[in-house]
Amino acid sequence: MTHPRITFIGAGNMATSLIGGLLAQGIPASHIRASDPGAEQRAKVAAEFGIELFESNAEAIAGADVVVLATKPQVLKGVSQALAPSLQPGQLIVSIAAGITCASLASWLGDVAIVRCMPNTPALLRQGVSGLYANAKVSAAQRQQAEQLLSAVGLALWLNEEQLIDAVTAVSGSGPAYFFLLIEAMTAAGEKLGLPRATAAQLTLHTALGAARMATESDVEAAELRRRVTSPNGTTEAAIKTFQAGGFEALVQQALDAAARRSAELAEQLGQ
């Protein structure tokens, strides 16, 4: 099997998660490079993964098949414009920087193949999910390379329209925080019901973990799983009816609408 040569521009948490996932998939360390402005970070990543690190972005991308932009969105314009003269024909650009559109990247990098991705933080545990969008310059082989890259840290799902990245951001990009908020609230409620805080936290966390596994491993939808554990006139029904009386579903829709709008706003601001 021929493995692509991959360079990461930026060697922070998400980049190192991807590097670890790729190595676990059998990509040789000799096929992976990264660049980072911090000498300490370069030394740390080189020692941990056995890959070659560079201070110079231009040196790092020489000979790469895939160039992964893993910097903070706020600095990506300057990094991209400086990198553009060093790009080589046929290189695939994969951006994991939140809020930066393909059009903005193309205006900074030139008319190149670009895959824009929206991963989420569980990727740090290789339990992430990512939405991917490819511009018209991306070949079928390059799509496979991008999918292999993001699949190293979880599930990779293709989108047919770039604007759907905002919806992905609202659902899964920001989504872990919604579940953390529910965990916080349930833990606090359990404590108010008389449980020791540590016990309430463990009960909540393991209930969340078990429910997520049931939902992901089941062949039926979440609505049916909910119905199966909601006995008529029982305790679960009492709680569910209280959630719904408070407008739970409508509130979730409003929250995700707000996240999607903000994602679009940030894309406009950061892409200028």
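Me: Is I51 buried or exposed?
Reply: I51 is buried in this predicted model. The relative accessible area of I51 is 6%. Buried means under 20%, so I51 counts as buried.

Me: Where in the fold is I51?
Reply: I51 sits in a loop. That loop runs between α2 (39–49) and β3 (52–54).

Me: And what is I51 in contact with?
Reply: Setting aside neighbours within four places in sequence, I51 is in contact with I19, A29, I32, R33, A34, V45 and A46.

Me: How far is I51 from P73?
Reply: In sequence, I51 and P73 are 22 residues apart. In space they are 25 Å apart, C-alpha to C-alpha.

Me: P73, OK. Which residues does UniProt list with P73 under "binding site"?
Reply: The UniProt record, an unreviewed entry, places that feature at I9, G10, A11, G12, N13, M14, A70, T71, K72 and P73.

Me: Are those spread out or gathered at one spot?
Reply: They gather at one spot. They span 65 residues in sequence, but no two of their C-alpha atoms are more than 14.3 Å apart, so the group comes together in space.

Me: Which of them are in the lining of the second largest pocket?
Reply: That lining includes G12, N13, M14, A70, T71, K72 and P73.

Me: Let's take G12. Where is it?
Reply: G12 is in the loop between β1 (6–9) and α1 (13–24). G12 is partly exposed, with a relative accessible area of 30%. Not counting residues up to four places away in sequence, G12 touches D36 and Q41.

Me: And A70, buried or exposed?
Reply: A70 is buried, at a relative accessible area of 17%. The cut-off for buried is under 20%, so A70 falls on the buried side. A70 lies in the loop between β4 (66–69) and α4 (73–83).

Me: What does A70 contact?
Reply: Leaving out neighbours within four places in sequence, A70 is in contact with I9, G10, A15 and I96. UniProt's "binding site" feature includes I9 and G10.

Me: Back to the second largest pocket. What volume?
Reply: About 400 Å³ of space lies in it. Its lining has 17 residues. Nearest the centre are M14, A70, T71, P73 and I96.

Me: What kinds of residues are in that lining?
Reply: The lining of the second largest pocket has eleven nonpolar, five polar and one charged. The largest share comes from α1, with three residues.

Me: Which single position does UniProt also list as "binding site"?
Reply: N57, again from an unreviewed entry. N57 is in helix α3 (residues 57–61). N57 is partly exposed, with a relative accessible area of 23%.

Me: Who are N57's contacts?
Reply: Beyond four places in sequence, N57 is in contact with I9, S35, V79 and L83. I9 is also among A70's contacts.

Me: Switching topic. What about the largest pocket?
Reply: The volume of the largest pocket is about 2800 Å³. It is lined by 49 residues. Closest to its centre are F179, L182, A208, A211 and A212.

Me: Which helices supply that lining?
Reply: At least two residues each come from α7 (164–173), α8 (175–192), α9 (197–217), α10 (222–228), α11 (235–245) and α12 (248–270). α9 gives the most, eleven residues.

Me: How does the lining of the largest pocket split by class?
Reply: 33 nonpolar, twelve polar and four charged.

Me: Which domains does that lining draw on?
Reply: Domain 1 (6–165) and domain 2 (174–267) each give at least three residues. The centres of domain 1 and domain 2 are 33 Å apart, taken over C-alpha atoms.

Me: What does UniProt list for residues 162–266?
Reply: The record, an unreviewed entry, gives "domain: Pyrroline-5-carboxylate reductase dimerisation". Over that stretch the chain is 82% helix and 0% strand. Its end C-alpha atoms are 15 Å apart.

Me: And the whole protein: how many helices and strands?
Reply: Twelve helices and eight strands. Along the principal axes, the C-alpha atoms fill a box of roughly 65 × 35 × 35 Å. Of the 272 residues, 39% are buried.

Me: What share of contacts join residues at least 24 apart?
Reply: 62%, among contacts between residues at least 6 apart in sequence.

Terms used: Residues numbered from 1 in each chain as written. Predicted model: local features only at pLDDT ≥ 70, side-chain atom pairs only at ≥ 80, totals over all residues. Heavy atoms only, no water. UniProt positions renumbered as here; feature names shortened; annotations may be inferred. 1 Å grid on protein atoms, 1.4 Å probe; cavity = no way out; pocket = protein on both sides within 12 Å on 5 of 7 lines; lining within 4 Å. Helix = DSSP H or I, 4+ residues; strand = E, 2+ residues; numbered from the N terminus. Buried < 20%, exposed > 50% of the residue type's maximum accessible area, 1.4 Å probe, protein only. Contact = heavy atoms within 4.5 Å. Points joined across faces, edges and corners; volume = space filled by probe spheres on them. Nonpolar A, V, L, I, M, F, W, Y, C, P; charged D, E, K, R; others polar. Domains from an automatic or database assignment.
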